[in-house]
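Trainee: I would like a close look at how helices pack in this model. Please take the contacts one at a time and name the residues involved.

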Amino acid sequence: MTILESVAVSPSNGSPTAKRASRTAKRFVLHGINWFMPVATMGLMLYFTVATKSFLTPGNLLAVLTQNGPTFIVAVVAAVLLMAGFVDLSVGSTLALAGVCSGLTFLSAGLAPGLMAGLAVGTAIGVINGILIGWLNLSPLVVTLGMLAATRGIAQYLAPDSLYGFPEDVNVLGNGALFGVSYLGVAALLVIGIALLTMNRLPIGRKIVAIGVNSRASYLVGIPVKRITVLLYIVLGLAAGLAGVLQVARLDSAPSGTLGVGFEVTVLTAVLLGGIPFNGGRGSILRVVLGVWLIAVLKNGLTLLNLGPEIAGIVTGSVLVLAAGLEAVRYWVHRTK
């Protein structure tokens, strides 16, 4: 009997031996899914270390953290939102519009106003998404898809051509470092720390997961479901705005047509790799961080091997499908327990 055949045995109809075999097989499958990502990450890092001379160096690993800082910042907040059972597909365009608005303000008014402009734009988009979805109960997919198209169009209208030539202090913000770690990397680590604290130590973390398990029951026991949902979208918009500002500062450029394109796919891939189901109710911030790192290692290793960005896109999409498949198997095993 194969593993899947063992899993398929119905406990209600099988003999005691079959039931034990079924339970053992299910535990084996779940352990395999849980250990897949850590093992795959270690295996990839080992392969790229052997295949390239520069992968496992402090400079390259810090560069991976910096280049993927926007993904870390947005993915951990998007993971919290998904734990509550909601999704946001507009984070890439939010990042772009916040980056363009901060770039325009950098050129006209300097660093601090540009920083505030980017954060304000991201927050405003989060407020709109939050009210439409959390308060008016509109579909998250429809609202955020519409926001994705609208904000991208506004960004391209405001700045049809790429913005560049920002003041020197903007360049310092994007490429400076604190104890060897870039400011972007420091910001990513701070956001990860806040997310871990929120979900593991604060009461609101348990309320967010409870909403994902059953929003109606959460409402009946006194959890402010609408208020928390609106708050989560605002925080995610703020995170996307911060990521946009820092990305523009790092690149010293704000190309409205390409900034943040495909970003939502990368974020969603990392979140699903982190084992958070699409309908929420459970999940781990650390596993999402590991999911972002896995994708980052893949892209960095493929670049070091001189493979084109189109290969990275194919690999990222394949990983997303794989993550969805693993989650489907996990859900099926839990449902048939």
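Mentor: What follows covers two helix contacts and then a surface patch. The model is predicted, not experimental. Two packed helices are described by the angle between their axes and the distance between the axes.

Start with helix 9, residues 183-201, and helix 14, residues 285-304: their axes come within 10 Å and cross at roughly 150°. Angles over 145 degrees count as roughly antiparallel, and helix 9 and helix 14 are therefore roughly antiparallel to each other. On the helix 9 side the contact uses Ile-192, Ala-195, Leu-196 and Met-199, and these meet Ile-285, Leu-286 and Val-289 of helix 14. By class, this contact has seven nonpolar residues, no polar ones and no charged ones.

The second contact joins helix 8 (residues 168-175) to helix 12 (residues 225-251), with axes 7 Å apart and an angle of about 110°. That angle makes helix 8 roughly perpendicular to helix 12. Helix 8 contributes Val-170, Asn-171, Leu-173, Gly-174 and Asn-175, while Leu-246, Ala-249 and Arg-250 come from helix 12. Here the residues divide into four nonpolar, three polar and one charged.

Last, the surface. Leu-104, Ile-154, Tyr-157 and Leu-158 form a nonpolar patch there, and together they have about 400 Å² of accessible area. Helix 7, residues 140-158, gives the most to this patch, with three residues. Tyr-157 is located in helix 7.

Conventions:
Residues are numbered from 1 along each chain as its sequence is written. This is a predicted model: local features need pLDDT of at least 70, side-chain atom pairs count only at pLDDT 80 or more; totals for chains, interfaces and linings use all residues. Side-chain values use heavy atoms; hydrogens and water are left out. Axes are lines fitted to C-alpha atoms, for helices over the stretch in contact, and angles run from 0 to 180 degrees between N-to-C directions. Helices (H or I, at least four residues) and strands (E, at least two) are DSSP runs, numbered from the N terminus. Angles under 35 degrees count as roughly parallel, over 145 as roughly antiparallel, 65 to 115 as roughly perpendicular and the rest as oblique. Contact means heavy atoms within 4.5 Å. Ala, Val, Leu, Ile, Met, Phe, Trp, Tyr, Cys and Pro count as nonpolar, Asp, Glu, Lys and Arg as charged, and the others, Gly among them, as polar. Patches are made of residues with over 30% relative accessible area and no salt bridge: like charges are joined within 9 Å, nonpolar side chains (Val, Leu, Ile, Met, Phe, Trp, Tyr) within 5 Å. Accessible areas come from the Shrake-Rupley method with a 1.4 Å probe; for residues, only the protein chains shown count as cover. A salt bridge is a side-chain nitrogen of Lys or Arg within 4 Å of a carboxyl oxygen of Asp or Glu.
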